[in-house]
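Visitor: Before we begin, I should like each label you use to be justified against its criterion. Please show me the structure.

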Amino acid sequence: MPFHFEWYDESKRAIRYTAAGDWNWKDYHQAVRASAFSLTAVDHPVDSVIDLRASTRPSLPAGAPAHVRSFGRVTGARLTGRAAVIGLPAGEAEGLGLSPERTLSTRDGFSVFVDTDAELEQLLAEWAADPPAS
């Protein structure tokens, strides 16, 4: 499967959507829909991690500016609307409308684009310390 999902760690405070090989937006959205069943198994807010590092694509699929906005969408009752994105292909950020802080606001959330595992871990720790109001 070109995109799959799994809990980020044992705390189940974040769910990771991982690209593998040559994928498209349909693959990503299918994984998000399928993950809805896993989200019902927890009773706390869940952040999203979109990991593009195992992708073999040199660039994002067509329509990236619109689809990337869905990373921070609240598609399930447990999702916070906070998404961390790691592994964005080089040169892709310019066309996505990111802020200088490498964030992208969405209708009901936002995405933060990070470059390293250390940045990702720090961001998730900050979010875990500041859960959204229920």
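Guide: In this predicted model, strand E4 pairs with strand E6 (residues 110-114) in the parallel sense over five bridges. One of the positions involved is Ile86, whose bridge partner in E6 is Val114.

Visitor: What makes E3 and E4 a pair of strands?

Guide: Pairing requires at least two bridges between the strands. Five bridges join E3 to E4, which run parallel, so the criterion is met. Within this pairing, Ile50 has Val85 of E4 as its bridge partner.

Visitor: Why is E4 described as largely enclosed by the rest of the structure?

Guide: Eight of the eight residues of E4 are buried, and the description therefore follows.

Visitor: Why is Asp51 called buried?

Guide: The term applies under 20% relative accessible area. Asp51, in strand E3 (residues 46-55), has a relative accessible area of 5%, and is therefore buried. Leaving out residues up to four places away in sequence, Asp51 touches Arg16, Tyr17, Thr18, Ala19 and Ile86.

Visitor: How do you know that Arg53 and Asp51 form a salt bridge?

Guide: The cut-off is 4 Å between a side-chain nitrogen of Lys or Arg and a carboxyl oxygen of Asp or Glu. The N to O distance for Arg53 and Asp51 is 2.8 Å, so the pair qualifies. Arg53 itself counts as partly exposed, at 39% relative accessibility. Arg53 also forms a salt bridge with Asp117, where the closest N and O atoms are 2.7 Å apart. Asp117 lies in helix H3 (residues 117-129) and Arg53 in strand E3, so this pair ties together parts that are 64 residues apart in sequence.

Visitor: Which residues are linked with Asp51 in a network of salt bridges?

Guide: The network links Glu6, Arg16, Asp51, Arg53 and Asp117. The side chain of Asp51 also makes a polar contact with the side chain of Arg16, at 3.1 Å.

Visitor: Why is Asp22 called exposed and Arg57 partly exposed?

Guide: Exposed means over 50% relative accessible area, and partly exposed lies between that value and 20%. Asp22 has 57% and therefore counts as exposed. Arg57 has 25%, so it is partly exposed. The side chains of these two residues, Arg57 and Asp22, meet in a salt bridge (2.9 Å, N to O). Arg57 lies in the loop between E3 and H2 and Asp22 in the loop between E2 and H1, so the bridge ties together parts that are 35 residues apart in sequence.

Visitor: How do you know that Glu92 has no salt bridge?

Guide: The nearest side chain of opposite charge, Arg57, is 8.2 Å away. The limit is 4 Å, so no salt bridge is assigned to Glu92. Glu92 is nevertheless buried, in the loop between strand E4 (79-86) and strand E5 (103-105). Residues up to four places away aside, Glu92 touches Ser59 and Leu60.

Visitor: Which residues have the most contacts inside the largest nonpolar core?

Guide: They are Tyr28, Leu52, Leu60 and Val68, in a core of 27 residues. Two or more residues each come from strand E2 (14-21), helix H1 (25-39), E3, helix H2 (64-68) and E4. H1 gives the largest share, five residues. Apart from this core lies another, of eleven residues, among them Val49, Leu120, Leu123 and Leu124.

Visitor: With which residues is Leu60 in contact?

Guide: Beyond its neighbours within four places in sequence, the contacts of Leu60 include Trp23, Trp25, Leu52, Val68 and Glu92.

Notes. Residues are numbered from 1 along each chain as its sequence is written. This is a predicted model: local features need pLDDT of at least 70, side-chain atom pairs count only at pLDDT 80 or more; totals for chains, interfaces and linings use all residues. Side-chain values use heavy atoms; hydrogens and water are left out. Helices (H or I, at least four residues) and strands (E, at least two) are DSSP runs, numbered from the N terminus. Buried means under 20% relative accessible area, exposed over 50%, partly exposed in between (1.4 Å probe, protein chains only). Lys and Arg count as positive and Asp and Glu as negative; His and the chain ends are not counted. Contact means heavy atoms within 4.5 Å. A polar contact is a pair of N or O atoms within 3.5 Å; within protein, one must be able to donate a hydrogen and the other to accept it, and residues adjacent in sequence count only if both atoms are side-chain atoms. A nonpolar core is a set of buried Ala, Val, Leu, Ile, Met, Phe, Trp, Tyr and Cys residues joined through side-chain atoms within 4.5 Å.
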